[in-house]
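Hi,

Here is the structure I promised to pass on. Have a look at it first, and then read my notes underneath.

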Amino acid sequence: VTTYGPYDRWNIPGQESALQVQSAELLPPPAAAASAQCPSADFDAFLKAFASDEQVRSAFTAPLVKVAELHSDDEGDHERMVYVARDKYTGFNVGFSGGAFHFIDSTGQADQKPLAIHVTRESDGSRFLSYDYNVSEGNSYRFQNVGGCWSLTQDPEMPSP
């Protein structure tokens, strides 16, 4: 959807008409990797495979990942949720090698020091993974069991600066 006008006022009574739709295009969702073999129904084993293999990450990341981002407007800075297509999502920065998880920096380099991750079982079909890195950094992810295998579906907290 392409719009013109102040998008932050679309739901303010009396000002919603200031935002106009110029065009819209409906595309099919990104194709799911149905042919990919699930590395494991066990979440711990799945996570090790997911964090160590780019093809597994691509196959078992949801077509749209719900991501927290920083949004700035007249009222200041605040968090909002957006959806990012699987092929554009680059927020998973945990690798697994040498029997340990590692932080992967923006250049793709793995920190040699093992990364302590925390996995919380939210339900039978949901796991919340988080980590702290150095003094002020960290991130989190949510995985859902979809069709008998796990899939990265959310990046629900903004990474620390």
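Below is what I found, starting with the overall fold and ending with the pocket.

Some housekeeping first. This is a predicted model, so to speak of local features I needed pLDDT of at least 70, and side-chain atom pairs count only at pLDDT 80 or more, while totals for chains, interfaces and linings use all residues. Residues are numbered from 1 along each chain as its sequence is written, and side-chain values use heavy atoms, with hydrogens and water left out.

The fold: the protein has two helices and ten strands, where helices (H or I, at least four residues) and strands (E, at least two) are DSSP runs numbered from the N terminus. Along the sequence the order is β-β-α-α-β-β-β-β-β-β-β-β. Of its 161 residues, 31% are buried; buried means under 20% relative accessible area, exposed over 50%, and partly exposed in between (1.4 Å probe, protein chains only). The accessible surface is about 10300 Å², with 51% of that belonging to carbon and sulfur atoms (areas by the Shrake-Rupley method with a 1.4 Å probe; for residues, only the protein chains shown count as cover). Taking contacts (heavy atoms within 4.5 Å) with a separation of 6 or more, 38% are between residues 24 or more positions apart.

Two hairpins are worth pulling up on screen. Strand 7 (residues 117-123) and strand 8 (residues 126-133) pair antiparallel over six bridges; two strands pair if DSSP finds at least two bridges between them. Two residues sit between these strands in the hairpin, and Thr120 is opposite Phe128 in strand 8. The other hairpin joins strand 5 to strand 6 (residues 100-103) by four bridges, again running antiparallel. Phe96 faces Phe101 in strand 6. This hairpin also has two residues between its strands, and Gly98 takes a positive phi near 60° there.

Back in strand 8, is Ser130 buried or exposed? Ser130 counts as buried because its relative accessibility is 19%. Leaving out residues up to four places away in sequence, Ser130 touches Ala116, Ile117, His118, Asn139 and Ser140. Asp155 is 25 residues from Ser130 along the chain, with 9.9 Å between their C-alpha atoms.

At the other end, Thr2 lies in strand 1 (residues 2-4). With a relative accessible area of 39%, Thr2 is partly exposed. Thr2 and Gln20 are 18 residues apart in sequence and 8.7 Å apart C-alpha to C-alpha.

Now the pocket. The largest one holds about 360 Å³ of space. Among its 18 lining residues, Glu54, Arg57, Tyr89, Thr90 and Phe92 are closest to the centre. Helix 2 (54-59) and strand 5 (94-97) are the elements that each give two or more residues to the lining, and helix 2 has the largest share, with three.

How it was found: on a 1 Å grid over the protein atoms alone, a pocket is an open set of points where a 1.4 Å probe fits, with protein on both sides within 12 Å along at least five of seven lines, and lining residues have an atom within 4 Å of a point. Grid points are joined across faces, edges and corners, and the volume is the space filled by probe spheres set on the points.

Arg57, in helix 2, is buried because its relative accessible area is 18%. Beyond its neighbours within four places in sequence, Arg57 contacts Phe50, Ala51, Ser52 and Phe92.

Cheers
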